[in-house]
Each structure stands twice: as C-alpha cells, then as structure tokens.
Amino acid sequence: MNRKLVQIIVVILALLFVGTLFKGLIKLLIIGAIIYLGFTAFQLLGKQRAG
C-alpha cells in the first residue's frame with residue numbers, strides 16, 4: 001500500500017515537471033513565432049518602402 005502511494009506521488013510529480021517544461025517550451029515557441037513574424041513583417045515593409 002505504502003509503495004503504491006509513493007509510486008502515485010512520483011508519477012504526479014513527474015507529470016507536473018513535464019507539464020511545466022511543456023509550458024515553458026510553448027512560451028518559447030510563441031515568443032519565437034512573434035519575433036519571427038515581426039522580423040518578416042519588418043523586412044516586407046522595408047522592401048515596400050524601397051520599391
């Protein structure tokens with residue numbers, strides 16, 4: 001019984017850890033996407049002004 005409880009706690013902690021890592025990765029991806037879109041938009045505007 002006690003061992004099973006420990007296993008459940010370990011699994012929950014592992015899931016929480018993976019969840020926080022995943023949230024961090026999603027945040028990084030969103031930030032990266034925003035920077036990339038901003039950069040490409042800036043380049044397009046520059047080309048239009050030059051043209």
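A residue counts as buried under 20% relative accessible area, as exposed over 50%, and as partly exposed in between. Keep these cut-offs in mind for what follows. The model is a predicted one.

Take Leu45 to begin with. Its relative accessible area is 46%, so Leu45 is partly exposed. Leu45 lies in helix 1. From Leu45 to Val11 there are 34 residues in sequence and 50 Å in space, C-alpha to C-alpha.

Now the overall fold. The chain holds one helix and zero strands. Its radius of gyration is 22 Å, while the globule rule gives 10 Å for 51 residues, so the chain is more spread out than a compact globule. The box around the C-alpha atoms tells a matching story. Along the principal axes, that box is roughly 75 × 5 × 5 Å.

Helix 1 runs over residues 2–50. How far should its 49 residues span? At 1.5 Å a residue, the expected span is 72 Å. The end C-alpha atoms of helix 1 are 72 Å apart, which agrees with that expectation.

Next, the cover on the helix. Among the 49 residues of helix 1, the count of buried residues is zero, and the helix is hardly covered. For the chain, buried residues make up 0% of the 51 residues. The chain exposes about 5,200 Å². Carbon and sulfur atoms supply 78% of that area.

Lys27 is another residue of helix 1. Is Lys27 buried or exposed? Its relative accessible area is 59%, and the cut-off for exposed is over 50%, so Lys27 is exposed. Lys27 also offers a distance to set beside that of Leu45. Lys27 and Phe17 are ten residues apart in sequence, and their C-alpha atoms are 15 Å apart in space.

Leu13 belongs to helix 1 as well. With a relative accessible area of 53%, Leu13 is exposed, because the class begins over 50%. Leu13 is also part of a nonpolar patch on the surface. Which residues join Leu13 there? They are Leu5, Ile8, Ile9, Ile12 and Leu16. Together with Leu13, these residues have about 580 Å² of accessible area.

Put the pieces together. There is one helix, its end C-alpha atoms are 72 Å apart, and zero of its 49 residues are buried. On the surface sits a nonpolar patch that includes Leu13.

Key. Residues are numbered from 1 along each chain as its sequence is written. This is a predicted model: local features need pLDDT of at least 70, side-chain atom pairs count only at pLDDT 80 or more; totals for chains, interfaces and linings use all residues. Side-chain values use heavy atoms; hydrogens and water are left out. Patches are made of residues with over 30% relative accessible area and no salt bridge: like charges are joined within 9 Å, nonpolar side chains (Val, Leu, Ile, Met, Phe, Trp, Tyr) within 5 Å. Accessible areas come from the Shrake-Rupley method with a 1.4 Å probe; for residues, only the protein chains shown count as cover. A salt bridge is a side-chain nitrogen of Lys or Arg within 4 Å of a carboxyl oxygen of Asp or Glu. Helices (H or I, at least four residues) and strands (E, at least two) are DSSP runs, numbered from the N terminus. Buried means under 20% relative accessible area, exposed over 50%, partly exposed in between (1.4 Å probe, protein chains only). The radius of gyration is taken over C-alpha atoms; the globule rule is 2.2 Å times the number of residues to the power 0.38. The expected span of a helix is 1.5 Å times one less than its number of residues.
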